[in-house]
Amino acid sequence: MTDLCVEVERAPRAALVRLEGDLDKVSAPAFRTCLAGLAEEGCVEVVVDAARLAFCDSSGLWVLVEHQRALSGLGGSLQLTGVQGVLLRVLDVTGLRPLFVSQL
């Protein structure tokens, strides 16, 4: 099983979050905590770079949806970049691609 590595670059009101590994039921709670911490710091414009994400299940997808809703309520957004593989298929099947991905 691959762990999830999360790297964060902060700027005023914004953050770039790079993911590497698996975003699943094991790693989703820590990722949720990371995103919540960014929101508490005032980072309401978040870009998640998923280029090195190997896997994403429904737990990981739910964290993304949940955080997108929370940031939207604060006047911000969560966007995904580098989307491919399993995550791209999941976003397409669920119809969530337009919520997170402006261009691929």
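Here a biologist and a modeller chat about the strands and helices of a predicted model.

Biologist: Let's start with the sheet: what is the order of its strands?

Modeller: The sheet is open and its pairing is mixed. β1 (4-11) and β4 are the edge strands, each pairing on one side only. Neighbouring strands are turned by 20° against each other on average, ignoring direction. Reading across, the order is β1-β2-β3-β4.

Biologist: In which sense do β1 and β2 pair, parallel or antiparallel?

Modeller: The two strands form a hairpin with 2 residues between them, and R13 takes a positive phi near 65° there. For one bridge, look at L4, whose partner in β2 is G21. Over 8 bridges, the sense of β1 and β2 is antiparallel.

Biologist: And how many bridges join β2 to β3?

Modeller: Strand β2 covers residues 14-23 and runs parallel to β3. You can pick out D22, with F55 as its bridge partner in β3, and G21, which stands opposite L53 in β3. The number of bridges joining β2 to β3 is 9.

Biologist: Which residue of β4 stands opposite V46?

Modeller: Strand β3 (residues 45-56) and strand β4 (residues 77-81) pair in the parallel sense over 5 bridges. V48 faces L80 in β4. For V46, the residue opposite in β4 is L78.

Biologist: What handedness does the crossover from β3 to β4 have?

Modeller: Between these strands the chain passes through α2. There's another β-α-β unit, made of β2, α1 and β3, and that one is right-handed. The crossover from β3 through α2 to β4 is right-handed.

Biologist: Now the helices: are α1 and α2 roughly parallel or roughly antiparallel to each other?

Modeller: Two packed helices are described by the angle and the distance between their axes. For α1 (residues 28-40) and α2 (residues 58-73), the axes come within 9 Å and cross at roughly 15°. The crossing is right-handed. Angles under 35 degrees count as roughly parallel, and so α1 and α2 are roughly parallel.

Biologist: How many residues in the contact of α1 with α2 are nonpolar?

Modeller: On the α1 side you have A28, F31, R32, L35, A36 and A39. They meet S59, G60, W62, V63, L64, E66, H67 and L71 in α2. Besides 3 polar and 2 charged residues, the nonpolar count is 9.

Biologist: At about what angle does α1 run to β2?

Modeller: Helix α1 lies across β1, β2, β3 and β4. Its angle to β2 is about 180°.

Biologist: Last one: which strands does α3 lie across?

Modeller: Helix α3 spans residues 85-94. It runs at about 115° to one of the strands it lies across, β3. The strands in question are β3 and β4.

How values were computed
Residues numbered from 1 in each chain as written. Predicted model: local features only at pLDDT ≥ 70, side-chain atom pairs only at ≥ 80, totals over all residues. Heavy atoms only, no water. Axes fitted to C-alpha atoms, helices over the stretch in contact; angles between N-to-C directions. Helix = DSSP H or I, 4+ residues; strand = E, 2+ residues; numbered from the N terminus. Parallel < 35°, antiparallel > 145°, perpendicular 65-115°, else oblique. Left-handed = near helix turned anticlockwise from the far one by under 90°. Contact = heavy atoms within 4.5 Å. Nonpolar A, V, L, I, M, F, W, Y, C, P; charged D, E, K, R; others polar. Pairing = 2+ DSSP bridges. Right-handed = clockwise from strand over helix to strand, strands pointing away.
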